[in-house]
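Let's walk through this model together, one stretch of contacts at a time. Have the sequence and the structure side by side as you read.

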Amino acid sequence: MKKSEATRQDILEKAFECIYNNGYKTTSIDDIITASRLTKGAFYYHFKNKDDMGLAVINEVLYPYLHETMVQPLQNALSPADDLYGMVSYLLLDETYFQPEFGCPLGNLMVELSPAHEEFNSILLGISNEWEEAIVKCVNHGKKTGLVKTETKPKQVANFIMSGYWGTRLMGKMENSNAPYKIFLKELKQYLKGI
């Protein structure tokens with residue numbers, strides 16, 4: 001990796017940390033410059049403005065990670081109930097990149113930016129839709145193999161899992177605890193047994 005590429009990547013990673021910890025609107029370019037220990041000139045060499053950098057953070061840092069942890073685990077699912085539970089359990093209890101006190105970075109950005117920024121909304125919605133599609137495909141595969149009941153509605157399963165995940169992440173953020181995660185996972189396991 002060239003030095004300029006490494007510098008750009010460092011800016012994006014530090015910007016992600018600042019945004020995740022403090023929110024997009026309250027994170028300033030100066031905060032990112034301080035965190036990355038670079039000059040304003042270095043920042044503006046790589047990004048036109050804060051929104052240009054914010055879109056790069058979503059596309060180049062957040063999206064690849066979420067794709068790896070939310071979508072890829074479901075692409076070759078053998079047992080939908082187990083694989084769906086395992087994916088959510090990993091995200092809530094084992095994943096160390098996201099902390100309870102800061103919630104879900106995708107959910108945070110959707111709440112904070114979707115109403116105000118059309119371009120951000122489009123990209124964030126695309127990530128959410130990709131996760132939903134992965135869950136739907138996983139459930140449909142289970143229906144084909146007889147592991148999921150034929151009357152199960154895959155889109156409803158996806159909606160339940162996604163809204164439950166984001167809701168419990170929000171509760172964990174408010175309580176600064178993973179205790180809500182354990183309660184949700186217990187109920188999710190029961191729910192998935194019934195699909």
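Start with D30, which counts as partly exposed at 41% relative accessibility; that label sits between buried, under 20% relative accessible area, and exposed, over 50% (1.4 Å probe, protein chains only). Before going further, a word on ground rules: this is a predicted model, where local features need pLDDT of at least 70 and side-chain atom pairs count only at pLDDT 80 or more, while totals for chains, interfaces and linings use all residues. Residues are numbered from 1 along each chain as its sequence is written, and side-chain values use heavy atoms, with hydrogens and water left out.

Back to D30: its partner in a salt bridge is K40, with the closest N and O atoms 3.4 Å apart. A salt bridge here is a side-chain nitrogen of Lys or Arg within 4 Å of a carboxyl oxygen of Asp or Glu. This pair links distant parts of the chain, ten residues apart: D30 sits in helix α2 (residues 29-36) and K40 in helix α3 (residues 40-46). Helices, by the way, are DSSP runs (H or I, at least four residues), as strands are (E, at least two), and they're numbered from the N terminus. K40 is partly exposed too, with a relative accessible area of 45%.

How many salt bridges does the structure hold? The count is three. Another one joins the side chains of E60 and R8, at 2.4 Å from N to O. E60 lies in helix α4 (residues 50-75) and R8 in helix α1 (residues 3-22), so this bridge ties together parts that are 52 residues apart in sequence. E60 is partly exposed at 35% relative accessible area, and R8 is partly exposed at 24%.

Then there's E132 with K155, whose side chains meet at 3.4 Å, N to O. Here the link runs from helix α7 (residues 118-145), home of E132, to helix α8 (residues 154-175), home of K155, 23 residues apart. E132 is buried, with a relative accessible area of 17%, whereas K155 is exposed at 52%.

Now for the inside. In soluble globular proteins, nonpolar side chains tend to be buried together. In this model the largest nonpolar core has 58 residues, and M53, L84, V88, I135 and Y165 have the most contacts inside it. (A nonpolar core is a set of buried Ala, Val, Leu, Ile, Met, Phe, Trp, Tyr and Cys residues joined through side-chain atoms within 4.5 Å.) The elements giving two or more residues to this core are α1, α2, α4, α5 (80-94), α6 (105-113), α7, α8 and α9 (179-193). Of these, α4 gives the most, with twelve residues.

Zoom in on M53: leaving aside neighbours within four places in sequence, M53 is in contact (heavy atoms within 4.5 Å) with L12, A15, I19, I32, F43 and F47. H67 also deserves a look; H67 lies in helix α4 and is buried, at 17% relative accessible area. With neighbours within four places again left aside, H67 is in contact with Q72, P73, Q75 and E130.

Finally, swing over to the loop between α7 and α8, where you'll find E151. E151 is exposed, with a relative accessible area of 55%. The C-alpha atoms of E151 and W131 are separated by 22 Å, with their positions 20 residues apart along the chain counted as the distance apart.
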